[in-house]
Amino acid sequence: MIGTNSARAQAAENLLSIKGLKTHFATRAGVVKAVDGVDIELAKGEILGLVGESGSGKSITGFSILGLIDPPGRVVSGSMTYNGKDLTALNEEGWRQLRGGDIAMIFQDPSMTLNPVLRIDAQMIEAMQAHANVNRAQAYARAREVLVMVGIPSPDERLRSYPHELSGGMRQRIAIAIALMNKPGLIIADEPTTALDVSIQGQIIHEMKKLCRQVGTALIWVTHDLAVVAGLADRIAVMYAGRIVELGTTEEIIENPRHPYTKGLIDSVPSRSTRGSRLHQIPGMTPSLLNLPQGCAFRERCAYAVAACGDEPLNTIEPDGRAYRCWNPLGGPRP
Amino acid sequence: MLLFIINRLIQAAGAVVVMSMLVFIGLYLIGDPTAMLVSPEANDLERAAVRQAFGLDQPIWMQYLTFVGNAARGDFGRSFLTGQPAMQLILERMPATIEMVVVAIGFAVLVGVPLGMLAGLRPKAASSKAVMTVSILGFSLPTFWIGLMLIMFFSVYLGLLPSSGRGSTVSVGGLSLSVLTPDGWRHLILPALTLGLAKAALIIRVTRAATREVLPMDYIKFARAKGVRPRRVVGVHLLRNILIPIVTVTGLEFGQAVAFAVVTETVFAWPGMGKLLIDSIIILDRPVVVAYLVLMVFFLIMLNLVVDILYMAIDPTAREKVRD
């Protein structure tokens, strides 16, 4: 279960600790501040939903943790520690050992993540041999084992297949199996169900949760769909314009959003009670990350904006760990 | 798979037939070879006798049918000029051309693919920009000029390498080859380099473009996210995917080089087929020209077959298409 703030305050026990992460992209038009001061604390085995619109910086946050930001992008500041290891001090070989070994990643589009000209067995075996001194047969046995874990029938046959011979859902299961190969402490899943049928989406989410609980792997599930993480995550972090604007347990976020943006996201999820009526939509568009407005980045789309919103909102942290960046939170300031 | 190959061979036969007809008609229209065959002082009676001896008095369809009948038995006629069997004349010269082209293309691939990948992996590095600039020169400068410059430098100025001929050859199963003797190699280097430089330049550009295209793909990033070593990401994940365009271009260039190596052969007095073809065209030596073109059509179709089989080895989706 989720620890309370006091339990989580023992930062030493945390698996992942990110403070003030800034990832910027130097483009011809100017500096794009894709991630602009993100703090994440993640306990062992915890599932965090990282929710936001396209361009909110949620995927870039995930790639930053793995050191997979390509030029012109760059992590410009912030600290990242994983299991007590300072990630910002890693060299290329250190990063390589971290990737796929300690922290694995699952990508969005399963039709693009597997190499089309290599057989599945080659792609799984290399994932293990990159981190452990094992021979082919041992790596093959492990590959077979994880394929069974993710619910793939006749794994030997699948291992001899090429990606184009498999369905989208099957490919994503294989990507998940590859992520599990080296028993990582953390998996970052970047919208892994967005490209799949709704029915397969549900299965994958269900199995992912089961597997993480079984193995004790922590999970950061990046998505634009609040409904997806509602049934999956322990805590939810809502990102907007490169920052986490609200953070709390899943229940608190869904039942009692404090930030108007979070409320906008919740209201735009279709549900049984909204059947037949127009879906709510947040007015306006995500602001350009090139020149964010002064103060709260959400101000111009916000129905609750007040004069104070012209200034940068402070990150209010409540005693139970609930946090939000808003001058005029819903439900009013708590005593 | 076998069906696919048989299918291709039938196609090849069809193409050879059509090609031979076109060449036959074309050469018939260009002119009468009798003038080349008799002395200028010959009278009409002598001319008629020569015409009859070579079957040139027959109508064209009759001549063609006679040719096809003989060709089916492997007889492509005798050269009007030397009287030697045409096919034998060509096959004697073929090893020289083929070995020069194989060395040239081998050089082009061995140099072009690594340099192209390097230029694609670090497009902004000064070395990559230098490679790309030189490659523009590589295929812009005419072959004969490159050949002459190489002769000037290596043969005339440095005196290191011979400027003409094949050097000593070794006969292997009836084929005489230069690649097996050190002296043959010394003779082979300059012509192969001349022919290979332009091909290398082209392969560099194709490889670079393919590398730039494949590099941003998700599967490359996923391979990195798995912690796969950079050497394997480039050498397996990237290389296997850029091989398809490289094989295509290399196959095309190989065919081109064999069929039209004449410029290089002329510059280096390399006794290959190209020079024979040009000489035969000039004197309207019909049997040799027809036999040469038939052989080339067959060769190019075989080359395409090899390229297709290579595709199947590289790209699993290509294998699927053949199975269907």
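Which residue of chain A forms a salt bridge with B:Arg232? Hold that thought for a moment.

First, what are we looking at? This is a predicted model. Chain A averages a pLDDT of 85. In that chain, 94% of the residues score at least 70. There is a weak stretch, though. Over residues 1–12 of chain A, the pLDDT is below 50. Beyond near neighbours in sequence, that stretch has 12 contacts in the model. Where pLDDT is low, the predicted coordinates should not be read in detail. Please treat residues 1–12 of chain A, with their pLDDT below 50, that way.

Now back to the opening. The partner of B:Arg232 is A:Glu126. Their closest N and O atoms are 2.6 Å apart. That pair belongs to the contact between the two chains, so to speak of it we need the whole interface.

How many residues does each chain bring to the contact? Chain A gives 27 residues, and chain B gives 22 residues. The size of an interface is often given as the accessible area lost when the parts come together. Here chain A and chain B bury about 2400 Å² between them. Of that area, 57% lies on carbon and sulfur atoms. On the chain A side, three residues lose the most area to chain B: A:Arg96, A:Val117 and A:Glu126. Together they account for 24% of what that side buries. Note A:Glu126 on that list. We just met it in the salt bridge with B:Arg232.

What about the polar side of this interface? The rule finds three salt bridges across it. The count of residue pairs in polar contact between chain A and chain B is 14. Which elements of chain A touch chain B? Helices α4 (110–113), α5 (120–129) and α8 (168–180) each supply at least two residues. The most comes from α5(A), with five residues. By type, the chain A side divides into 15 nonpolar, seven polar and five charged residues.

Next, look inside chain A. Two domains are assigned. Domain 1 covers 5–102, 185–200 and 211–325. Domain 2 covers 113–183. Their centres, taken over C-alpha atoms, are 29 Å apart.

How do these domains meet? In chain A, 12 residues of domain 1 are in contact with 11 residues of domain 2. The two domains bury about 950 Å² between them, with 64% of it on carbon and sulfur atoms. In domain 1, A:Ile187, A:Leu196 and A:Leu211 lose the most area to domain 2. Together these three make up 39% of what the domain 1 side buries.

How many salt bridges join the two domains of chain A? Zero. Polar contacts are found, however: six residue pairs across that interface. On the domain 1 side, α3 (92–98) and α9 (198–215) give two or more residues each. Helix α9(A) gives the most, with three residues. That side divides into six nonpolar, four polar and two charged residues.

One last stop. A search of the whole structure finds 25 salt bridges over all chains. One of the pairs in chain A is A:Lys22 with A:Asp36, with closest N and O atoms 3.9 Å apart. A:Lys22 sits in strand β1 (residues 14–27), and A:Asp36 in strand β2 (residues 30–43). The two residues are 14 residues apart in the chain.

That's the tour. Thanks for listening.

Key. Residues numbered from 1 in each chain as written. Chains lettered and ligands numbered in written order. Predicted model: local features only at pLDDT ≥ 70, side-chain atom pairs only at ≥ 80, totals over all residues. Heavy atoms only, no water. Contact = heavy atoms within 4.5 Å. Buried area = accessible area lost by both parts, 1.4 Å probe. Salt bridge = Lys/Arg side-chain N within 4 Å of Asp/Glu carboxyl O. Polar contact = N/O pair within 3.5 Å; in protein donor to acceptor, adjacent residues only side chain to side chain. Helix = DSSP H or I, 4+ residues; strand = E, 2+ residues; numbered from the N terminus. Nonpolar A, V, L, I, M, F, W, Y, C, P; charged D, E, K, R; others polar. Domains from an automatic or database assignment. pLDDT = per-residue confidence, 0-100.
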